[in-house]
Amino acid sequence: MKIGIVGMPLAGKTTLFNLLTGQHKETSAYSSKGTKNIGIATVYDQRIDYLSSLYHPKKTTYAAIEFVDIGGISPELPIKEKVEIFNLILDAEALLFVIRLFEDPAVAGEKDPIVQIENLKCELLLRDLEVVENRLERLKKSKKKLTPEELAEMEILNKCNQGLSDDQFLSNLEFSEEEIKKISGFSFYTLKPIIIVLNLSEEQFKIKSYSQKEKLDKVIQDGNMASLNICGKMEMEINQLEPDERQMFLEDLGLKESGIERLSRVCYKHLGLISFFTVGEDEVKAWTIRTGTIAKKAAGKVHSDIERGFIRAEIARYQDLVTLVSLHAVKEKGLLKIEGKDAIIEDGDIINFRFNV
Ligand SMILES: Nc1nc2c(ncn2[C@@H]2O[C@H](COP(=O)(O)OP(=O)(O)OP(=O)(O)O)[C@@H](O)[C@H]2O)c(=O)[nH]1
Ligand SMILES: [Mg+2]
């Protein structure tokens with residue numbers, strides 16, 4: 001899964017990127033102007049730790065999220081530069097809006113959180129509107145007679161055009177499944193789920209209070225967005241300490257978990273994602289799927305051959321394995337489910353796929 005880190009200049013994007021990925025990219029009080037950082041963060045999961053302690057596999061693989069940290073977006077940037085920056089996150093599945101609340105006279109940049117959110121939303125709308133208008137223009141100018149598919153596309157794009165022109169995010173419009181399929185190729189920004197990351201100072205973070213809190217809560221709720229508080233600079237510095245030194249400082253901030261642990265939980269919930277596990281002596285591995293995924297599709301995550309030659313899935317509940325300690329005992333108790341291709345996979349399922357190729 002790939003997630004784009006978006007924000008106005010000097011909001012703390014690279015600080016957040018370092019915090020999440022453990023990298024040490026330069027952060028500075030002077031705008032980085034369009035640099036790009038890419039990194040992978042491991043999504044720790046205690047359940048994987050437990051399974052690994054049970055199987056002693058050669059390899060243990062947690063889920064991972066790829067983060068792309070891009071240059072700051074401000075209304076003054078020339079359109080060409082904005083488009084270049086946004087292109088870096090065209091294929092992102094979700095966006096983090098880094099909103100600065102910390103106050104530091106040495107760091108320039110927009111301070112009003114509502115203005116920051118409105119600016120970023122406006123940029124997403126403009127990018128999508130450009131794409132829609134360009135495509136419509138091209139279809140209208142076409143010398144050839146439009147095919148029925150092209151006519152259908154034009155109809156949907158007109159609907160998008162109208163919504164976007166009224167400042168509506170495409171995620172707010174109603175589309176049929178068929179329509180969603182047709183527009184998915186455009187990777188529209190206003191269809192991507194958004195998580196607001198409020199970058200607070202130590203003081204604000206500890207007392208959970210900052211300017212315009214109620215207004216922010218409302219904007220977040222009305223916009224169907226999720227949110228997360230971070231204390232960016234401090235948390236990044238804690239993360240760069242030796243692991244055994246981190247705990248004390250995290251506790252001082254009132255935290256039990258690292259930034260990536262908190263963020264991945266918010267992401268999974270907001271994006272409707274769950275994990276299933278495969279276990280064995282070779283590898284214990286977490287796989288990320290959408291809620292409601294059926295067994296055959298889940299098999300395809302592991303390998304396309306397994307999806308194609310799917311026979312059945314043998315599924316144990318994670319909690320049953322913890323209670324009974326071995327899959328053998330789970331089976332003896334009659335708790336190992338044998339499921340067909342349409343069975344819905346649930347969070348924490350431990351699956352053995354039977355297949356034939
Ligand atoms: N006091 C304080 N300073 C912070 C915090 N987060 C970031 N900063 C500082 O703000 C400045 C900008 O941080 P960056 O992480 O580089 O911000 P950015 O959004 O990546 O900036 P650009 O890429 O230039 O747009 C740096 O000097 C950081 O040390 C914070 O939580 N508190
Ligand atoms: Mg940066």
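This text goes through a predicted model, from the chain as a whole to the surroundings of its ligand and then to one residue, threonine 14.

The chain is built from 15 helices and 12 strands. Along the principal axes, its C-alpha atoms fill a box of roughly 65 × 65 × 35 Å. The chain has 357 residues, and 44% of them count as buried. Its accessible surface comes to about 19100 Å², with 50% of that area belonging to carbon and sulfur atoms. The contacts can also be sorted by separation in sequence: taking those between residues at least 6 apart, 70% join residues at least 24 apart.

Ligand 1 comes next. The space that ligand 1 takes is the second largest pocket. Around ligand 1 there are 20 residues, and the closest are Gly12, Lys13, Thr14, Thr15 and Ser32. Which helix gives the most to this shell? It is α1, with three residues. Helix α9, residues 232-239, is also involved, since α1 and α9 each supply at least two residues of the shell.

Several side chains place an N or O atom at a short listed distance from ligand 1. For threonine 15, the distance from such a side-chain atom to an oxygen atom of the ligand is 2.5 Å. For threonine 14, the corresponding distance to an oxygen atom of the ligand is 2.8 Å. With asparagine 199 the ligand atom is a nitrogen, 3.2 Å from an N or O atom in the side chain. On its own, ligand 1 has 650 Å² of accessible area, and the protein covers 91% of it.

Threonine 14 links several of these points. It lies in helix α1, which spans residues 13-21, and it is among the residues closest to ligand 1. Is threonine 14 buried or exposed? Its relative accessibility is 12%, and because buried means under 20%, threonine 14 counts as buried. That value takes only the protein chains as cover.

The side chain of threonine 14 has a partner within the protein as well. A polar contact of 2.7 Å joins it to the side chain of aspartate 69. Leaving aside residues up to four places away in sequence, threonine 14 touches Lys25, Glu26, Thr27, Asn37 and Asp69. Aspartate 69 is thus on the list of residues touched and is also the polar partner at 2.7 Å. On the ligand side, the side chain of threonine 14 has an N or O atom 2.8 Å from an oxygen atom of ligand 1.

Technical notes: Residues numbered from 1 in each chain as written. Chains lettered and ligands numbered in written order. Predicted model: local features only at pLDDT ≥ 70, side-chain atom pairs only at ≥ 80, totals over all residues. Heavy atoms only, no water. Helix = DSSP H or I, 4+ residues; strand = E, 2+ residues; numbered from the N terminus. Buried < 20%, exposed > 50% of the residue type's maximum accessible area, 1.4 Å probe, protein only. Polar contact = N/O pair within 3.5 Å; in protein donor to acceptor, adjacent residues only side chain to side chain. Contact = heavy atoms within 4.5 Å. Near = heavy atom within 4 Å. Areas by Shrake-Rupley, 256 points an atom, 1.4 Å probe, with all protein chains shown as cover. 1 Å grid on protein atoms, 1.4 Å probe; cavity = no way out; pocket = protein on both sides within 12 Å on 5 of 7 lines; lining within 4 Å. Sits in = over half its atoms within 2 Å of the grid points.
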